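Please work through the following exercises with the sequence and the model open beside you, and try each task before you read its solution.

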Amino acid sequence: MAVEYKGTKGAAVGLPEQTVFRGREAELVRLADALRPGTGAPVTAIAGLAGIGKTALAMQAAHNACAEGWFPGGAVMVNMHGYGPSESEVSVSAALTSLLGAIGIASKRIPPLLDGQVGLWRSELARWAAAGKRLLIVVDNVSRAEQVRPLLPGKADAAGHRVLVTSRHCMSAVQGTRLMDLDVLGDEQAVELLRFDLATSLPGDVRVGDDPQAASRIAQLCGGLPLAVRICSALLAADPEQPLSELVEALADEKVRLVELDFDDVLAVRAAFDLSYEHLSAEQARLFRLMAINPDTVTSTESAAALAELGVPAARRVIKQLHRAHLVSQDVGRDRWRMHDLLRLYAAERISDDTERQDAVSRLLAHFLATTVSASQHLDPRLDAADRDRRFTSRHHALAWLDAERPSLVGSVDLAYSMGRYTSTGALAAALYDYFELRKHLADWIATAELALTAARRLGNRRSEGLALTHVGNAHRDLGQHQRALEHHRLSLDIARAASDRYAEGRCLTNLGNAYLALGRTDEAVRFNEESLRIRRQLNDRYGQRITLNHLGNAYRHAGRMNDAVDCYLESLEIRREMGDPNGEGRTLTNLGNAYRALGRVAEAIECYRQDLVIARELGDRHAEASTLTSLGNGYRDQGSREPAVECYLRSAEISREIGDREGEQHTLTNLANTYRELGRAEYRVRTPTSIVESPPIVDDVDLLCFPDPVETGPNGELERLDRDVHCMAPGDPEPPVRKPKANSTHGEYDGLQAE
């Protein structure tokens with residue numbers, strides 16, 4: 001039944017009956033602003049992907065506007081069926097005939113030709129406007145601008161009429177249109193829609209409230225797409241005994257998710273997507289399909305170009321066409337495009353030719369490998385600037401690309417492995433090593449390194465296996481899993497010696513020495529690093545020497561041989577500066593500063609930390625910046641300058657919190673709390689995040705010098721967190737129990753472990 005809004009005689013009738021509507025409050029406010037008389041543009045176009053809820057929102061906004069009395073002439077609506085089969089599409093002539101009839105024009109008065117119909121329509125709208133009968137015209141389901149333009153009032157005769165358009169395409173080609181892109185629902189909004197729909201169908205149904213975790217997971221699996229959420233509510237309403245967890249299990253399998261999101265062929269996500277896909281040109285459809293191969297939901301224009309074997313300008317042109325069709329959306333930054341999860345599944349389904357898929361994967365992996373190698377050259381101190389790939393203009397430029405593409409790069413290692421492309425698996429993982437060692441994305445580092453190790457073993461490539469073992473070992477090192485790191489480095493050493501590879505042997509000995517030092521086995525750490533240094537001096541391996549000297553200095557320092565440690569650090573520093581290795585220079589400066597502090601040469605230690613801080617900030621290395629600030633704070637305290645120390649600790653804790661280094665934050669807060677107590681500022685109380693507080697407070701100072709992350713190792717070398725509630729005590733408070741760190745543990749000191 002149609003709803004009629006009573007206005008002056010001859011008011012049009014045309015909106016469908018108002019249905020129950022939930023959510024989209026902010027969007028309704030924006031639409032009200034657009035439709036309110038005397039404000040906004042005469043045309044507003046709501047656009048979004050299939051199933052986003054454009055028509056439902058337009059209907060609700062139209063009903064609200066008419067109820068406010070803004071359109072005395074009423075409202076008329078026409079569905080252009082722009083995305084149905086071609087034979088069902090409503091022609092402009094048919095739409096005008098329908099609209100003219102809705103406002104009371106007898107069919108015999110309607111001209112047979114389109115130009116005459118447009119002229120009559122606009123003259124009637126002008127007449128209605130002169131009579132004060134403002135009209136709301138809703139044009140639903142438009143696929144192109146040509147379907148809208150003839151339906152608009154004449155510019156001179158608009159006089160308060162409003163046109164509300166819905167489309168899966170952007171209607172920017174319709175001049176003077178206010179554009180409104182509709183986004184998916186957030187998790188909370190989607191859960192509320194699920195609850196509301198289900199309660200409407202089955203009053204008293206409490207499944208959503210009883211299992212909020214499963215409800216939230218359903219919303220996530222639907223990607224916030226209202227159509228998908230409504231299908232889920234219909235499925236649940238049809239089976240009142242079905243628990244939400246069962247539906248979650250069904251939707252969790254990506255291979256059948258689109259099959260599950262179908263309710264009796266009446267509501268179906270795939271069917272809605274079909275209508276959009278069928279409107280694409282062959283070129284658009286091909287790129288749409290291939291973009292689903294990229295492992296991340298965000299695809300760069302360059303990656304899309306590689307997938308489709310197009311030039312970047314051509315790929316950008318086609319992607320913009322897909323964007324206007326709301327099949328991709330623009331992500332943060334230029335030339336980065338996001339595809340809805342359900343659309344990605346649909347696009348992947350449309351790749352029926354395995355050769356097309358295999359060839360596209362080959363091109364994507366080749367693109368990522370070549371570009372990652374180019375970017376990594378800017379992280380390698382062995383290369384002169386002239387020898388680095390000019391695709392990237394600077395280290396900062398290279399890191400920005402790696403940061404942006406990290407999810408796709410990590411996913412590509414997994415993609416290569418899953419398709420049996422083991423050489424590509426190892427090559428891409430190895431190319432990412434310097435980046436992971438710098439940025440400390442430990443979960444990604446471990447995952448890619450272990451895939452590379454398995455791939456090397458499947459290939460029977462012992463040299464690649466040895467390198468992968470080193471990478472896995474160093475990743476475990478930064479996780480604080482030093483016993484596991486030791487085991488991997490031992491295996492890598494065995495391979496190097498079996499192959500009589502002296503360069504690799506020197507590398508493995510250094511890594512073993514560092515693992516032993518982390519486990520508190522200082523004598524072995526000294527012995528292995530001294531042996532590594534002898535080999536590297538014999539080979540005149542200056543690159544390797546600078547690393548081993550740094551490690552040997554750490555071992556000497558822990559053995560109490562401070563002057564020997566200083567000599568090692570100074571020689572390492574000389575080589576690093578000679579090679580132009582600012583990252584390693586900063587690491588060595590921190591360790592040299594630690595040795596100077598132990599010798600009581602505090603002013604020299606502070607100068608080392610200051611120089612390292614400048615380097616860390618120039619390189620954008622926030623982990624190093626945070627840890628060096630803590631070291632600098634410790635130096636200031638040794639000097640008796642507690643207020644500058646507090647400033648350093650506060651900034652270090654802030655950075656650690658921002659980058660998610662909770663262990664580093666805890667160690668810094670320990671020192672901050674003690675400094676407050678020394679200052680007599682008992683009103684201060686410093687707490688670590690309550691979610692990780694498990695053990696008694698520590699009041700001893702902690703040297704948070706740099707990577708690996710601050711950890712303590714148990715008797716078997718396994719990771720043991722130093723979780724605590726750090727606080728300052730007022731005079732007279734009882735001493736809290738103290739758990740001191742092991743005397744020989746590294747406590748996260750900045751050992752400068754680098755890829756070799």
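**Exercise 1. The sheet**

Determine the order in which the strands of the five-stranded open sheet are arranged, and decide whether the pairing is parallel or antiparallel.

Solution. Strands here are DSSP runs of E with at least two residues, and helices are runs of H or I with at least four residues, both numbered from the N terminus; two strands pair if DSSP finds at least two bridges between them. With these rules, the five strands form an open sheet in the order 2-3-4-1-5, and the pairing is parallel. Strand 2 and strand 5 (177–181) are the edge strands, each pairing on one side only. Strand 3 (residues 135–142) and strand 4 (residues 162–167) pair in the parallel sense over five bridges, and within strand 4 it is Val165 that stands opposite Val139. Axes are lines fitted to C-alpha atoms, for helices over the stretch in contact, and angles run from 0 to 180 degrees between N-to-C directions; on average, neighbouring strands of this sheet are turned by 15° against each other, direction ignored. Helix 1 (residues 25–35) lies across strand 1 (43–47), strand 3, strand 4 and strand 5, and runs at about 175° to strand 5.

This is a predicted model, in which local features need pLDDT of at least 70 and side-chain atom pairs count only at pLDDT 80 or more, while totals for chains, interfaces and linings use all residues. Residues are numbered from 1 along each chain as its sequence is written, and side-chain values use heavy atoms, with hydrogens and water left out.

**Exercise 2. The nonpolar cores**

Find which residues of the largest nonpolar core touch the most other members.

Solution. A nonpolar core is a set of buried Ala, Val, Leu, Ile, Met, Phe, Trp, Tyr and Cys residues joined through side-chain atoms within 4.5 Å, where buried means under 20% relative accessible area, exposed over 50%, and partly exposed in between (1.4 Å probe, protein chains only). The largest core has 120 residues, and Val269 and Phe288 touch the most other members. Helix 17 (residues 395–418) supplies the largest share of this core, 10 residues. If contact is taken as heavy atoms within 4.5 Å, and residues up to four places away in sequence are not counted, Val269 touches Leu225, Leu227, Ala228, Ile231, Leu258, Leu261 and Leu342. A second, separate core of 51 residues includes Ala525, Leu613, Tyr636 and Ala653.

**Exercise 3. Salt bridges between distant parts**

Identify which parts of the chain are linked by the salt bridge of Arg391 with Glu302.

Solution. A salt bridge is a side-chain nitrogen of Lys or Arg within 4 Å of a carboxyl oxygen of Asp or Glu, and the structure holds 46 of them. In the pair of Arg391 with Glu302, the closest N and O atoms are 2.5 Å apart. Arg391 is in the loop between helix 16 (354–377) and helix 17, whereas Glu302 is in helix 13 (residues 301–308), 89 residues apart. Arg391 is partly exposed, with a relative accessible area of 33%, and Glu302 is partly exposed too, at 31%.

Next, take Arg363 and Glu309, whose closest N and O atoms are 3.6 Å apart in their salt bridge. Arg363 lies in helix 16 and Glu309 in the loop between helix 13 and helix 14 (312–324), so this pair ties together parts that are 54 residues apart in sequence. Glu309 counts as exposed because its relative accessibility is 59%.

Finally, Arg406 forms a salt bridge with Asp444, with 2.5 Å between the closest N and O atoms; Arg406 is in helix 17 and Asp444 in helix 20 (residues 442–459), 38 residues apart. A network of salt bridges also links Glu437, Lys440, Arg477, Asp478 and Arg587.

**Exercise 4. Helix 26 and positive phi**

Check whether the span of helix 26 (residues 562–579) agrees or disagrees with 1.5 Å a residue.

Solution. The expected span is 1.5 Å times one less than the number of residues. For the 18 residues of helix 26 this should give 26 Å, and the end C-alpha atoms are 26 Å apart, which agrees. Its buried residues, among them Met562, Tyr569 and Ile575, pack against helix 25 and helix 27 (582–598). Gly580 follows helix 26 and has a positive phi, near 75°. Asn540, a residue other than glycine, also has a positive phi, near 55°, and is found in the loop between helix 24 (522–538) and helix 25 (542–558).
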